[in-house]
Amino acid sequence: MTQQFLQDNFSLEGKIALITGASYGIGFSISTSFAKAGATIVFNDIRQDLVDKGLVAYKELGIDAHGYVCDVTDEDGVQAMIKQISDEIGVIDILVNNAGIIKRQPMLEMSAKDFRQVIDIDLNGPFIVSKAVLPGMIEKGHGKIINVCSMMSELGRETVSAYAAAKGGLKMLTKNIASEYGSANIQCNGIGPGYIATPQTVPLREKQADGSRHPFDQFIISKTPAARWGEAEDLGAPAVFLASDASNFINGHILYVDGGILAYIGKQPE
């Protein structure tokens with residue numbers, strides 16, 4: 001009975017999932033979890049070398065993924081990619097808008113050009129890709145869109161004005177897609193990672209010469225009730241839940257996978 005319950009509610013067998021920017025990192029981890037749940041994996045990246053690198057990594061795990069070169073900010077290119085995927089693999093059932101960038105600069109030092117680039121990739125990109133997959137989902141009678149949001153969808157922080165603006169906008173885009181297309185049996189939700197241990201954050205987590213934690217590492221641990229950084233794998237099962245039939249009556253919700261940071265005011269100074 002337990003196995004049948006899991007199969008009926010959490011299986012992604014027969015589903016085609018597109019995860020943008022999933023050659024590595026969080027997108028790659030979500031993709032591998034989807035594959036374990038039975039989904040066919042499709043991903044894109046902005047350059048052929050990144051796609052090739054991703055294909056090798058998936059193959060090493062025994063996953064027969066399909067990779068495409070595409071810039072998520074290029075509307076014509078995205079439309080062409082979605083048509084190619086539909087012709088070669090099938091209509092997309094699940095979309096994860098994962099592709100994104102961050103530029104850490106004080107607002108007074110950030111150019112409007114750099115601000116626009118972050119907004120273009122992190123907010124316009126999900127709009128463009130979602131717009132491209134929605135007609136197929138509507139025709140099919142079901143669909144799941146998962147937007148990779150952030151704690152910066154809720155909080156501000158020094159040096160991330162563009163990123164916070166984009167991720168705050170993505171939270172509201174999530175709610176609006178749910179509002180517009182919920183009646184078509186399409187669920188659009190967000191997943192909001194906390195601070196995740198990735199190769200990019202290694203320098204922030206290395207021990208100092210005296211054996212103490214890096215100051216930023218200390219800050220994150222002190223603000224996280226779980227008292228640790230998240231792992232990319234921590235996002236896999238929650239993403240599978242949002243992609244599966246188990247979440248069919250959940251729409252417009254942002255699921256924060258942050259170890260409790262957003263629920264916590266922090267320790268009182270001693």
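**Entry 1. His214**

I began at His214 and found a polar atom of the His214 side chain 3.0 Å from the backbone nitrogen of Phe216. I note at the outset that the model is predicted. I then placed His214 along the chain: this residue sits in the loop that joins helix H7 (202-205) to helix H8 (215-223). Next I looked up what His214 touches, leaving aside residues up to four places away in sequence. I recorded Pro203, Leu204, Glu206 and Gln208 as its contacts.

**Entry 2. Helix H5**

I turned to helix H5, which covers residues 112-140. I asked whether its length is in order, and what span its 29 residues should have. At 1.5 Å a residue I expected 42 Å, and I found the end C-alpha atoms 41 Å apart, so the two values agree. I also checked the course of the helix and found a bend of about 40° at Asn124. A proline, Pro126, follows that bend within four residues. After H5 comes Gly141, for which I noted a positive phi, near 95°.

**Entry 3. The largest pocket**

I next examined the pockets. The largest pocket holds about 1,300 Å³ of space. I listed 44 residues in its lining, and those closest to the centre are Ile26, Gly100, Ile101, Ile102 and Tyr163. Which elements give two or more residues to this lining? I found helix H2 (25-36), strand E2 (40-45), H5 and helix H6 (161-181). The largest share, four residues, comes from H5, the helix that I had found to bend at Asn124. I sorted the lining by class and obtained 23 nonpolar, 13 polar and eight charged residues.

**Entry 4. The second largest pocket**

For the second largest pocket I noted a volume of about 260 Å³. Its lining has 13 residues; nearest the centre are Gly25, Phe28, Ser29, Thr32 and Glu233. The elements that supply two or more residues here are H2 and helix H3 (48-60). I asked which element gives the largest share of this lining. That element is H2, with six residues. By class I recorded five nonpolar, five polar and three charged residues in the lining.

**Entry 5. Cross-check of the pockets**

I compared my two lists of elements. H2 appears among those that give two or more residues to the largest pocket, and H2 also appears in the list for the second largest pocket. I entered H5 as the main contributor to the largest pocket, with four residues, and H2 as the main contributor to the second largest, with six.

Definitions and conventions
Residues numbered from 1 in each chain as written. Predicted model: local features only at pLDDT ≥ 70, side-chain atom pairs only at ≥ 80, totals over all residues. Heavy atoms only, no water. Expected span 1.5 Å × (residues − 1). Bend = angle between axes of the 7 residues up to and from the residue. Polar contact = N/O pair within 3.5 Å; in protein donor to acceptor, adjacent residues only side chain to side chain. Contact = heavy atoms within 4.5 Å. 1 Å grid on protein atoms, 1.4 Å probe; cavity = no way out; pocket = protein on both sides within 12 Å on 5 of 7 lines; lining within 4 Å. Points joined across faces, edges and corners; volume = space filled by probe spheres on them. Nonpolar A, V, L, I, M, F, W, Y, C, P; charged D, E, K, R; others polar.
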